Amino acid sequence: MGRKSTKGKERKKKRKEENAKYDASLAKVEAANKIPDPLELVAPFKKFERNGLKLKIECKKVTGMEKELIDWAFQLTKANMQKMYEESDWGWKDKDKYTEMTEEKAQYLIASDVTTGKPVAFTHFRFDMELDEEVVYCYEIQLETECRRKGLGKFLMQILELLAYKTEMTKVMLTTFKNNKVSQDFFKKTMKYEVDEISPEDPLFDDGYHYEILSKSIKPKAKPATTDSVTTTDAQPVTAS
């Protein structure tokens, strides 16, 4: 048959590299999902004590959550978000949102009052693949009214970012309504999130999209130098920071 073209070999090599990269990313996601309690990776963040709040933070997989706690999280989401959903193209359906919040991969950070045990805030997140990248996706972050503007929302998002770093995810992602000014200001101005490259662009002549996808890239862990990558004359001592 003769020799295959160089271009054909290059395409085959590129496909193999892409498949290998995807497999490596998927392996990281699967490993993260197997961690019994991801919050153990950032143990100092298990409590929040400031601005009049004294809370404990727990990480729970939805498969191990009490129905009463799941129902509280759903009702808080409904109270905070139903109107915005109804004003969008998506609309609000109890069944669809409850199903989303209870899918097997769902995990929750729950903030509860230390004295009463009452839950006051949560984030619903997942370790997942977004296209070909390993990410932490924040589905919801909801706070009871009395706990807002006290630094708790920022604290919970920082935990997600630390978990992404510890598990070697590439970014934290989320979806937000464009007409939700509080959310837009919080994520873009306070948390420094940016519009992600996969967020849909508004068409020129039709009505634009009512939502956008935001993300923050997570700097990967520094890998130790090896003799394969540096010579003895180039190597420098590494100082822990």
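The following paragraphs describe the fold of a predicted model, from its overall composition to selected helices, strands and loops.

Because the model is predicted, local features were taken only where pLDDT is at least 70 and side-chain atom pairs only at pLDDT 80 or more, whereas totals for chains, interfaces and linings use all residues. Residues are numbered from 1 along each chain as its sequence is written, and side-chain values rest on heavy atoms, with hydrogens and water left out.

The protein contains five helices and eight strands, where helices (H or I, at least four residues) and strands (E, at least two) are DSSP runs numbered from the N terminus. Read from the N terminus, these elements follow the order α-β-β-α-α-β-β-β-α-β-α-β-β. Of the 241 residues, 37% count as buried; here buried denotes under 20% relative accessible area, exposed over 50%, and partly exposed the range in between, with a 1.4 Å probe and protein chains only. The exposed area of the protein is about 15,600 Å², of which carbon and sulfur atoms supply 51%, as computed by the Shrake-Rupley method with a 1.4 Å probe, only the protein chains shown counting as cover for residues. Among contacts (heavy atoms within 4.5 Å) between residues at least 6 apart in sequence, 64% join residues at least 24 apart.

The eight strands form an open sheet of mixed pairing in the order 1-2-3-4-5-6-8-7, two strands being paired if DSSP finds at least two bridges between them. Strand 1 and strand 7 are the edge strands, each pairing on one side only. Strand 7 (194-195) pairs with strand 8 in the antiparallel sense over two bridges, and L214 in strand 8 is the bridge partner of V195. Strand 8 also holds S215, which is buried, with a relative accessible area of 10%. The side chains of S215 and D196 are joined by a polar contact of 2.7 Å; such a contact is a pair of N or O atoms within 3.5 Å, of which, within protein, one must be able to donate a hydrogen and the other to accept it, residues adjacent in sequence counting only if both atoms are side-chain atoms. Beyond its neighbours within four places in sequence, S215 is in contact with K171, V172, M173, Y193, E194 and D196.

Helix 4 (residues 152-166) has 15 residues, which at 1.5 Å a residue should span 21 Å, and its end C-alpha atoms are indeed 21 Å apart; the expected span is 1.5 Å times one less than the number of residues. Its buried residues include L152, F155, I159 and L163. In helix 5, S183, Q184 and F187 are buried. These buried residues fall within an arc of 100° when seen down the helix axis, so they line one face of helix 5, the arc being that of the directions from the axis to the C-beta atoms. Their cover includes strand 5 (133-143), helix 4, strand 6 (171-177) and strand 8 (211-217), while K181, V182 and K189 are exposed on the other side of helix 5.

Most residues other than glycine have a negative phi. Nevertheless, N51, in the loop between strand 1 (47-50) and strand 2 (53-61), has a positive phi of about 50° and is exposed, at 52% relative accessible area. K192, which follows helix 5, has a positive phi near 65° and is likewise exposed, at 56%. Just after helix 4, E168 takes a positive phi of about 65°.
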